[in-house]
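Student: Before I accept the labels attached to a model, I would like to see the reasoning behind each of them. Could we go through it together?

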Amino acid sequence: MSFIDLYGNPEHRKNVAHFAAMVTLAASDGTISEEEKTMLDNFARKLEISEKEYKEVMNPDNKFPIEPPVNSEKRLERLYDLFRIIFADHFIDDEEMILLKKYAIGLGFSGDSAHKVIERSIAIFSGKIDFDDYLYLLKH
């Protein structure tokens, strides 16, 4: 039984999996910066990640599956969270881009759709906007 299966609440399992994806992206350059750590700590609180779950997710040997949300707004919110982690250090590197594309497809975006959303999001995040503006820009 995997770690994520230990938690019965399906929404909480999705939150743990989402948090694990953010940790993977933050660590993709080999280290988690102080700014990324602060943002991860904030997301852990927002997603109600316990201290025990936090430690498990931060363990680099653990792997967590992507659990895609059922609606497009929730998928975009999850991408938004990931972009905030990625841009915590003010740039996106090649490994983060690869992981981001895999994650977007895992969330349920088609290859073309994932590419378009990612490209638009990179352009948007260069200006640091809030989620409501992000959502509006991606839907229109």
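Tutor: What follows is a set of questions and answers on a predicted model, each setting a value against the rule that decides the label.

Student: Let us begin with the interior: which residues of the largest nonpolar core touch the most other members?

Tutor: That core has 42 residues, and Phe-19, Met-22, Leu-79, Phe-83, Phe-109 and Tyr-134 are the ones that touch the most other members. At least two residues of the core come from each of the helices H1 (10-26), H2 (34-46), H3 (51-58), H4 (72-86), H5 (94-106), H6 (111-125) and H7 (131-139). The largest share, eight residues, is supplied by H1.

Student: What is Met-22 in contact with, leaving aside its neighbours within four places in sequence?

Tutor: With those neighbours left aside, Met-22 is in contact with Leu-40, Phe-43, Leu-47, Asp-81, Leu-82 and Ile-85.

Student: Turning to H6, how do you know that its end-to-end span agrees with its number of residues?

Tutor: H6 has 15 residues, and at 1.5 Å a residue these should span 21 Å; because its end C-alpha atoms are 21 Å apart, the two values agree.

Student: Which residues of H6 are buried, and what do they pack against?

Tutor: The buried residues of H6 are Ala-114, Val-117, Ile-118, Ser-121, Ile-122, Ile-124 and Phe-125. They cover an arc of only 160 degrees around the axis, and therefore lie on the same side of H6. These buried residues of H6 pack against H4, H5 and H7, whereas the face turned away from the buried side carries the exposed residues Asp-112, Lys-116 and Ala-123.

Student: Why is the pair Glu-11 and Arg-78 called a salt bridge?

Tutor: The cut-off is a side-chain nitrogen of Lys or Arg within 4 Å of a carboxyl oxygen of Asp or Glu, so a separation of 3.9 Å between N and O qualifies this pair. The pair links distant parts of the chain, since Glu-11 belongs to helix H1 and Arg-78 to helix H4, 67 residues apart. Glu-11 counts as partly exposed because its relative accessibility is 40%, while Arg-78, with a relative accessible area of 4%, is buried.

Student: What makes Asp-81 and Lys-46 a pair that ties together separate parts of the sequence?

Tutor: Their closest N and O atoms are 3.7 Å apart, and the two residues form a salt bridge. Asp-81 lies in helix H4 and Lys-46 in helix H2, so the pair joins parts that are 35 residues apart in sequence. Asp-81 is called buried because its relative accessible area of 3% is under 20%. Lys-46, at 48%, is partly exposed, because that value falls between the 20% and 50% cut-offs.

Student: How far apart in sequence are Lys-55 and Glu-51, and how exposed is each of them?

Tutor: Both lie in helix H3, four residues apart, about one turn of the helix, and their side chains meet in a salt bridge at 3.3 Å, N to O. Lys-55 has a relative accessible area of 55% and is therefore exposed, and Glu-51 likewise counts as exposed, because its relative accessibility is 60%. Elsewhere, salt bridges that share partners join Lys-46, Lys-74, Glu-77 and Asp-81 into one network. The count of salt bridges comes to seven.

Student: How do you know that Glu-96 has no partner of this kind?

Tutor: Glu-96, found in helix H5, is buried, and the nearest side chain of opposite charge, that of Lys-101, is 13 Å away. Set against the 4 Å cut-off, that separation leaves Glu-96 with no salt bridge. Apart from its neighbours within four places in sequence, Glu-96 is in contact with Leu-25, Ser-28, Glu-36, Ile-86, Asp-89 and Phe-91.

Student: Why is Lys-102 called exposed?

Tutor: Lys-102 also has its place in helix H5, and it is called exposed because its relative accessibility of 55% is over 50%.

Student: Finally, what is the phi of Glu-48, and where is this residue found?

Tutor: Phi of Glu-48 is near 55 degrees, a positive value in a residue other than glycine. Most residues other than glycine have a negative phi. Glu-48 is found in the loop between H2 and H3, and it counts as exposed because its relative accessibility is 64%.

Notes. Residues numbered from 1 in each chain as written. Predicted model: local features only at pLDDT ≥ 70, side-chain atom pairs only at ≥ 80, totals over all residues. Heavy atoms only, no water. Core = buried A, V, L, I, M, F, W, Y, C linked by side-chain atoms within 4.5 Å. Buried < 20%, exposed > 50% of the residue type's maximum accessible area, 1.4 Å probe, protein only. Contact = heavy atoms within 4.5 Å. Expected span 1.5 Å × (residues − 1). Arc of directions from axis to C-beta. Lys, Arg positive; Asp, Glu negative; His and termini not counted.
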